[in-house]
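Please report on the strand pairing and the unusual backbone geometry of this model. Keep it brief.

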Amino acid sequence: MTLLSACSQQTTSPIAQKIDQDMVFVKGGTFTMGSNSSEAPESDKPAHNVKLDSFYISKFEVTQALFESVMGSSLSYFPNPNVPVNNISWQQANYFVKQLNELTGEDYRLPTEAEWEYAAKGGQKSQNFTYSGSNNIDDVAWYSKNSNNQAHPVGLKKPNELGLYDMTGNVGEFVIDAFDSNYYPNSPTNNPNNAEDTDIGLAHKSVRGASFSYNADESQNYRRDFASQSVLMSDMGLRLVKDAD
């Protein structure tokens, strides 16, 4: 039995129990983040070694069913309880996490950008796929050529090496980091975290995993994107992470 399983059995919150049942343990380690490929944007360079502690991450993107069980409703552009919550901002994603933690007494959070990429690449089980779980994007992702320009229910495509679904495509996933195109050359080696608290409405936050509207050549595991922290994005959502104590 994992520590997370033990904790979920002790909690009185059925919401936390359900979330924890769908979380995967990601054993910490060292991996190469970013890319030196000629196809990679400058903001994704250089490839650099990063060392991470262990953590837990949800198998699935946060669904509308989960989001609405905490918030009461959502403004999702593609309404369906099994489809990831969408049409949200980075600020709203963080507010949901705050409300979820108050409701459950837990400490869920958004992943760091480094944690996200490590998990997408399969952690210590990585087979160095181009996309999260395959070199063939159609196996693992809803993207521009197969999505009909909309989000789909979670878990319909193949998972990656860690058993995580939709890390590529479907909805993009907000992470905790502020977006800095020059961050990688000066990034810390151990547990990098570029979180910045700001009230400035146009502050850019990192988004990972591409989405149903991205092309295959915009969806590689190393790809980074960004969005204003306050703008609503119809193809953006989130995935939960929890520290491994």
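The report below covers a sheet, a strand pair and some backbone exceptions. The model is predicted.

**The four-stranded sheet**

Four strands make up an open sheet with mixed pairing. Their order is S7-S6-S5-S8. The edges are held by strand S7 (224–228) and strand S8 (236–237). Each has a single partner strand, so one side of each is left without a neighbour in the sheet.

Strand S5 (residues 172–178) and strand S6 (residues 204–208) run antiparallel and are joined by three bridges. One residue pair can be named here: Ala-178 has Lys-205 in S6 as its bridge partner. Helix H4 (residues 90–104) packs on this sheet and touches S5 and S6. The direction of H4 makes about 85° with that of S5.

**The S2 and S3 pair**

Strand S2 (residues 29–33) pairs with S3 in the antiparallel sense, over five bridges. Among the partners are Gly-29 and, in S3, Leu-52.

In a regular strand the side chains alternate between the two faces of the sheet. Strand S3 (residues 48–52) shows such alternation. His-48, Val-50 and Leu-52 point to one face and are buried. Asn-49 and Lys-51 point to the other face and are not buried. Leu-52 thus appears twice: as the bridge partner of Gly-29, and on the buried face of S3.

The loop between S2 and S3 contains Pro-46. A cis peptide bond joins Lys-45 to Pro-46, with omega at about -5°.

**Two asparagines with positive phi**

Most residues other than glycine have a negative phi, and most peptide bonds are trans. The cis bond before Pro-46 is one exception. Asn-87 and Asn-148 are exceptions in phi.

| Residue | Phi | Loop | Relative accessibility |
|---|---|---|---|
| Asn-87 | near 60° | between helix H3 (64–71) and H4 | 16%, buried |
| Asn-148 | about 60° | between helix H6 (137–140) and S5 | 64%, exposed |

Which of the two classes, buried or exposed, applies to Asn-87? Asn-87 is buried, because its relative accessible area is 16% and the cut-off for buried is under 20%. Asn-148 counts as exposed, because its relative accessibility is 64% and exposed means over 50%.

Both loops lead back to elements of the sheet region. The loop with Asn-87 lies between H3 and H4, and H4 packs on the sheet. The loop with Asn-148 lies between H6 and S5, and S5 is a strand of that sheet.

Methods: Residues numbered from 1 in each chain as written. Predicted model: local features only at pLDDT ≥ 70, side-chain atom pairs only at ≥ 80, totals over all residues. Heavy atoms only, no water. Pairing = 2+ DSSP bridges. Helix = DSSP H or I, 4+ residues; strand = E, 2+ residues; numbered from the N terminus. Contact = heavy atoms within 4.5 Å. Axes fitted to C-alpha atoms, helices over the stretch in contact; angles between N-to-C directions. Buried < 20%, exposed > 50% of the residue type's maximum accessible area, 1.4 Å probe, protein only.
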